[in-house]
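Trainee: I should like to learn how to read the features of a protein model. May we look at one together?

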Amino acid sequence: MKRHYFVQQMNNQQRMAPVGVCTISSSVSAAAAEDISKGGGTANAGYGGTGDADQSPPDYGIVNIYQKSGGDLNSFGGKGKSLYEGSHEKSESEKGGNSADEDSDIITEYIGHYGLWQFYWTFLLCLFQIPTTFHIFCLVFQAANRDFWCARPAHLRSIPLELWRNLTQPNGGQCSLLNAPYQQLTELNFTDYFGSVNGSSLDLVSCQGYEFDSRIFGQTVITEFGLVCDRAHMMSIVEMCFLAGAAMGAVGSGWISDQFGRRHTLMCFALIQAVTGFLLGFVTSLELYMTLRVIIGFASMSVAVVSFVLVVELVSGKYRTIIGILNILPVAISYVLAAGIAFFTRDWRLMQFIITIPGATLLLLWYWCPESPRWLLAKGRVEELKAIIDIAAKVNGFKLPSGYEKTLQTPDSESNEDVVSVFDLFRMKFLRTTLLMLVVWFGIVLIYFGITLHLGNLGGDIYLNTVLAGSVESIAICLSIVVVLKLGLRVNLFLYMVVAGISCILMNFIPDGNLWVIITLAMIVKCSVGACNAIIPTFTAYQYPTTMRNLGVGAGNFAAGVALIIVPYLWLLEHVDQYLPITVMGVCSIIGGLSLIALKDKLSKKHQRQRSDSGSVGSVVSSVTRSTDDDTRRIDKHFPRDNSENGLSNIGFTQNESIFL
């Protein structure tokens, strides 16, 4: 019968082990431990159990040998799954994968790293990224640049457009026209009048109204509120309103979810997002429109951040990296969907209503959506946590013991830790890491939204550009999972950011008329920086210890917020030099990529080997001490083993048995 082994430290009482319990000194060499395991004897020959009571015994470790049993408390996990099976055998790094099993905890012991229950909810929760992306990206179509000219008076609307523009705006200006007595002119004498006067002798006056080219776009925010000519600068403010709200949401949503829970925070912001989205379709005032854009920006970014946090807290191990990246996949898909919606609606109000419906539909999940089990554990809300574990274990096929809720308590080590603050991010130990991560986040977000929200500035068909951009970004996100698991996060971020930066700079050297070359380079940028956007939250989280991860990601979001506010004004630099905006984005991306060289990739195999080599080779205990040890000790406390056949074995090691350390 296969046996499962668990190594733990003994307390003073356990050190006086009864006869028959196999004890191995942590100071013996690996060779001695091997000899002991083969002989089945003890390693404490130099220290008898009958020695002086005042003499402190050496630091022993005990090897508890558990056997898999039938249906009692010693066997966890239905369908052939034992609670002790897998968790205390070889780690992921020893199996050739990334050693993300450091994220294992007591909840993993009961529901596993990733199962059908996690798949179901991570899939549904990632859908919240779709309406969020719609609201972030919709302004690309709702405020697209269109050709315009001074409006014709109502009684002269039948005059051919080309004739009107040539006679009234001879210099090609769009914001003024010749000062002529238009109210006295008719369709019959219109041409004769301008043929009889010298156009240069007439003054130019501002347009009283504007007409817009409707061949590509229908009614837009620009046409609705007349955001052209002397009001054109208002468009940057409109865009900034949303991004400023998004910046506040990126920074503040983490704290709100920590206080009130992931589930209710997510759904409350999703409700605000849906209500505000519908209200935007009815506004007739620019001031009210801008106010609602701030609100929906805050709500949308909060939904994106909190849904990401909730998704990664439902899983553990290496799946946090995989699911964390896949959670961004709907963002890229949403670009393609948004282009299709905009193409068929051609009206900003109708589009606004349509893109709000998915978010409103997802609110139906509020009643069934689970709270983060790890947040509940941290808050000590055992009854709610037990209800979630019961459902998850049943769906995943794990058999839970009766009374297991006794083990659901916050580890003592966590309760004794000092309270951390944002100032800890800038202390000497983490100062360099924090400053470099701020640079990296700023560079990624600046170029990501700089390209994404201004695809129309690149030229060509905006619908086709968007579909291509979303498609290549989707492929990049999927491929990045495989590459990340092989090379690690830092290498990928470095390559993606440098490639994106170089591609931006190369656009400046493309001769005029080579539109497809520019579009190709833009797609390379979108592909690379899209992958960066998917993996940067996970990479940031692993740069800090558990107690500081929220603060670390929050600091990154603060840098992202600053970049978001700058994006609308970045493209105004086109009026200084047409190549300046894309050059600034390229330089920032390269600087961010080079900053990664000074950071560590704590999920890489090299880093895991260094950590493993830094431990004591001769210590059996140190080689197996993992973050799950506290959890297993808590389980042992409430479900003690005895020396029976189904419990602690004292028969020694047989020839065909081995210990997985």
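**Burial, salt bridges and cavities**

Mentor: At 12% relative accessibility, Glu-211 counts as buried. Please keep in mind that this model is predicted.

Trainee: How should I read such a percentage, and where is the cut-off for a buried residue?

Mentor: A residue is called buried when its relative accessible area is under 20%, exposed when it is over 50%, and partly exposed in between. Glu-211, at 12%, is therefore buried. Arg-157, with a relative accessible area of 48%, is partly exposed.

Trainee: Which salt bridge do the side chains of Arg-157 and Glu-211 form, and how far apart are the N and O atoms?

Mentor: The general idea is that a side-chain nitrogen of Lys or Arg lies within 4 Å of a carboxyl oxygen of Asp or Glu. Here the N to O distance between Arg-157 and Glu-211 is 3.8 Å, so the pair meets this cut-off. The pair links distant parts of the chain, for the two residues are 54 residues apart. Arg-157 is in the loop between strand 4 (148-150) and helix 7 (161-168), while Glu-211 belongs to strand 7 (residues 210-212). Arg-152 also takes part, since a network of salt bridges links Arg-152, Arg-157 and Glu-211.

Trainee: How many salt bridges does the structure hold?

Mentor: There are nine salt bridges in the structure. Among them is that of Arg-262 and Asp-258, with an N to O distance of 2.4 Å. Arg-262 is buried at 3% relative accessible area, and Asp-258 is buried at 19%. Another joins Arg-381 to Glu-384, whose closest N and O atoms are 2.8 Å apart. In that pair, Arg-381 is partly exposed at 33% relative accessibility, and Glu-384 is partly exposed at 38%.

Trainee: Which side chain of opposite charge is nearest to Arg-146, a buried residue that has no salt bridge?

Mentor: It is Asp-213, whose side chain is 6.0 Å away from that of Arg-146. The salt-bridge cut-off is 4 Å, so this separation does not qualify. Arg-146 itself is placed in the loop between helix 6 and strand 4. One should also look at the backbone: the backbone oxygen of Asp-213 lies 2.6 Å from a polar atom of the side chain of Arg-146.

Trainee: Where does Arg-349 lie, and which backbone oxygen lies 2.9 Å from a polar atom of its side chain?

Mentor: Arg-349 lies in helix 15, and the backbone oxygen in question is that of Gly-281. Arg-349 is buried, with a relative accessible area of 17%.

Trainee: What separates the C-alpha atoms of residues that are far apart along the chain, such as Gly-586 and Ile-447?

Mentor: One compares the separation along the chain with the distance in space. Gly-586 and Ile-447 are 139 residues apart along the chain, and their C-alpha atoms are separated by 7.4 Å. Gly-586 lies in helix 24 (residues 580-595) and is buried, with a relative accessible area of 0%. A second case is Arg-263 in helix 11 (residues 262-280). The C-alpha atoms of Arg-263 and Trp-368 are separated by 9.9 Å, with their positions 105 residues apart along the chain. Arg-263 is buried at 18% relative accessible area.

Trainee: What is the usual sign of phi for residues other than glycine?

Mentor: Most residues other than glycine have a negative phi. Cys-229, although not a glycine, has a positive phi of about 55°. Cys-229 lies in the loop between helix 9 (221-225) and helix 10 (233-260) and is partly exposed at 22% relative accessibility. Arg-346 likewise has a positive phi, of about 60°. Arg-346 is found in the loop between helix 14 and helix 15, and Arg-346 is partly exposed, with a relative accessible area of 26%.

Trainee: How many cavities of 30 Å³ or more does a search of the whole structure find?

Mentor: The search finds two. The largest cavity has a volume of about 90 Å³. Its lining has 13 residues, and Phe-141, Phe-217, Ala-342, Arg-346 and Asp-347 lie nearest its centre. Helix 6 (139-142), helix 14 (329-345) and helix 15 (348-362) are the elements that give two or more residues to this lining. By type, the lining residues of the largest cavity are six nonpolar, five polar and two charged.

Notes: Residues numbered from 1 in each chain as written. Predicted model: local features only at pLDDT ≥ 70, side-chain atom pairs only at ≥ 80, totals over all residues. Heavy atoms only, no water. 1 Å grid on protein atoms, 1.4 Å probe; cavity = no way out; pocket = protein on both sides within 12 Å on 5 of 7 lines; lining within 4 Å. Points joined across faces, edges and corners; volume = space filled by probe spheres on them. Helix = DSSP H or I, 4+ residues; strand = E, 2+ residues; numbered from the N terminus. Nonpolar A, V, L, I, M, F, W, Y, C, P; charged D, E, K, R; others polar. Buried < 20%, exposed > 50% of the residue type's maximum accessible area, 1.4 Å probe, protein only. Lys, Arg positive; Asp, Glu negative; His and termini not counted. Polar contact = N/O pair within 3.5 Å; in protein donor to acceptor, adjacent residues only side chain to side chain.
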